[in-house]
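This report describes a single protein chain, moving from one selected residue to the fold around it. Please consult the sequence and the structure shown below while reading.

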Amino acid sequence: MENLGFHRSHRAFGAPRRSIAVRLLGGSFLVVWQVVRLTICAVLILTEPLLRATLVPIAFLSFVVTLIFGFLIGDPRFPRWGMLAFSVGTLMLYWLFLGVMSIFMTLPRSHDR
């Protein structure tokens, strides 16, 4: 009976022990999350230059074409607002990609300078 009382008082002062299974499950979850996160980061890093080389020039060129044909020349058949929306949409798509990248990693301060 005294041994049981000592055990209670010892548990009251010490931190509660977690079972080995819970610690192994938590540790394996952290390892799996790091592997998944690093894999996603690698894929995003490899595709970012390709998207930058395609989406940003497409957005710029479609904006310039919209300015020339839609507003300066004033062709009535040219879809000026649709082309303007397309150029803004491609740029926003690239910004969305950068936002997804920032979820999985931190970009350096000089990334877009």
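In which helix is the place of Leu44? Leu44 belongs to helix α2 of what is a predicted model.

## Leu44 and its surroundings

Is Leu44 buried or exposed? Its relative accessible area is 10%, and the limit for a buried residue is under 20%, so Leu44 counts as buried.

When neighbours within four places in sequence are set aside, the contacts of Leu44 are Phe97, Val100, Met101 and Phe104. One of these pairs spans a long stretch of the chain: Leu44 and Phe97 are separated by 53 residues in sequence, while their C-alpha atoms are 8.5 Å apart.

## The nonpolar core

Leu44 is a member of the largest nonpolar core, which has nine residues: Cys41, Leu44, Leu55, Tyr94, Phe97, Leu98, Met101, Phe104 and Met105. Helices α2 and α3 each contribute at least two residues to this core, and α3 gives the most, with five.

## Helix α3 and its packing

Helix α3 covers residues 80-104. Its 25 residues, at 1.5 Å a residue, should span 36 Å, and the C-alpha atoms at its ends lie 37 Å apart, so the two values agree.

Which residues of α3 are buried? They are Ser87, Thr90, Tyr94, Phe97, Leu98, Met101 and Phe104. These buried residues of α3 pack against α2. In general, an α-helix has 3.6 residues a turn, so residues three or four places apart point the same way.

## A nonpolar surface patch

A nonpolar patch on the surface is formed by Phe63, Val65, Leu67, Ile68, Phe69, Phe71, Leu72, Ile73 and Trp81. Together these residues have about 880 Å² of accessible area. Helix α2, residues 20-72, supplies the largest share of the patch, namely seven residues.

Phe69, one of the patch residues, lies in helix α2. Its relative accessibility is 39%; because partly exposed residues fall between the 20% and 50% limits, Phe69 is placed in that class.

## The chain as a whole

The chain contains three helices and zero strands, and its elements run α-α-α from the N terminus. Of its 113 residues, 15% are buried. About 9200 Å² of the chain is exposed, with carbon and sulfur atoms supplying 74% of this area.

Among contacts between residues at least 6 apart in sequence, 62% join residues at least 24 apart.

Notes
Residues are numbered from 1 along each chain as its sequence is written. This is a predicted model: local features need pLDDT of at least 70, side-chain atom pairs count only at pLDDT 80 or more; totals for chains, interfaces and linings use all residues. Side-chain values use heavy atoms; hydrogens and water are left out. Helices (H or I, at least four residues) and strands (E, at least two) are DSSP runs, numbered from the N terminus. Buried means under 20% relative accessible area, exposed over 50%, partly exposed in between (1.4 Å probe, protein chains only). Contact means heavy atoms within 4.5 Å. Accessible areas come from the Shrake-Rupley method with a 1.4 Å probe; for residues, only the protein chains shown count as cover. Patches are made of residues with over 30% relative accessible area and no salt bridge: like charges are joined within 9 Å, nonpolar side chains (Val, Leu, Ile, Met, Phe, Trp, Tyr) within 5 Å. A salt bridge is a side-chain nitrogen of Lys or Arg within 4 Å of a carboxyl oxygen of Asp or Glu. The expected span of a helix is 1.5 Å times one less than its number of residues. A nonpolar core is a set of buried Ala, Val, Leu, Ile, Met, Phe, Trp, Tyr and Cys residues joined through side-chain atoms within 4.5 Å.
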